[in-house]
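Visitor: I would like to learn how to read the strands in a model like this one. Can we take it feature by feature?

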Amino acid sequence: MKKATYEVLKVGIKDTSEAIRGKDIYYKCNICQSIVPSTPKDNVYCSCNNINIDKDLNRMFVSDKPNFVILKRVT
């Protein structure tokens with residue numbers, strides 16, 4: 001299996017409304033290094049719970065916004 005590669009689009013946000021979504025957009029936590037999809041099929045969170053996406057409520061919570069990275073999958 002080929003390892004995915006990503007392009008950094010933005011590091012840090014002031015508000016979760018700045019976080020773009022898309023099929024090829026992912027979020028990375030710089031604290032635990034977890035990568036989660038921006039449009040998950042189920043509720044997801046990073047391993048340290050800094051990024052938490054509640055699909056049922058269509059909400060995203062980010063505790064430490066400077067450690068939030070927006071990525072675009074390129075391969």
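Visitor: How many residues lie between S5 and S6 in their hairpin, and which asparagine in the turn has a positive phi?

Guide: This is a predicted model. Four residues separate S5 from S6 in the hairpin. In the turn, asparagine 58 has a positive phi of about 55°.

Visitor: How many bridges pair S5 with S6, and in which sense?

Guide: Four bridges, antiparallel, with S6 covering residues 59-62. Take one pair: asparagine 52 has phenylalanine 61 in S6 as its bridge partner.

Visitor: Which residue in S5 is the bridge partner of tyrosine 45?

Guide: Asparagine 52. Strand S4 (residues 44-45) and strand S5 (residues 51-54) run antiparallel and are joined by two bridges. They form a hairpin with five residues between them. Asparagine 49 in that turn has a positive phi of about 70°.

Visitor: In what order do the strands of the open sheet come?

Guide: Read across the sheet, not along the chain. The order is S1-S7-S2-S3, four strands with antiparallel pairing.

Visitor: Why is one side of S1 and of S3 left without a neighbour in the sheet?

Guide: S1 (6-11) and S3 (35-37) stand at the edges, and each has a single partner strand, so one side of each has no neighbour there. From one strand to the next, the twist averages 35°.

Visitor: How do S2 and S3 pair?

Guide: In the antiparallel sense, over three bridges; S2 spans residues 25-29. Tyrosine 27 stands opposite valine 36 in S3.

Visitor: How do side chains sit along a regular strand?

Guide: They alternate between the two faces of the sheet.

Conventions: Residues numbered from 1 in each chain as written. Predicted model: local features only at pLDDT ≥ 70, side-chain atom pairs only at ≥ 80, totals over all residues. Heavy atoms only, no water. Pairing = 2+ DSSP bridges. Axes fitted to C-alpha atoms, helices over the stretch in contact; angles between N-to-C directions.
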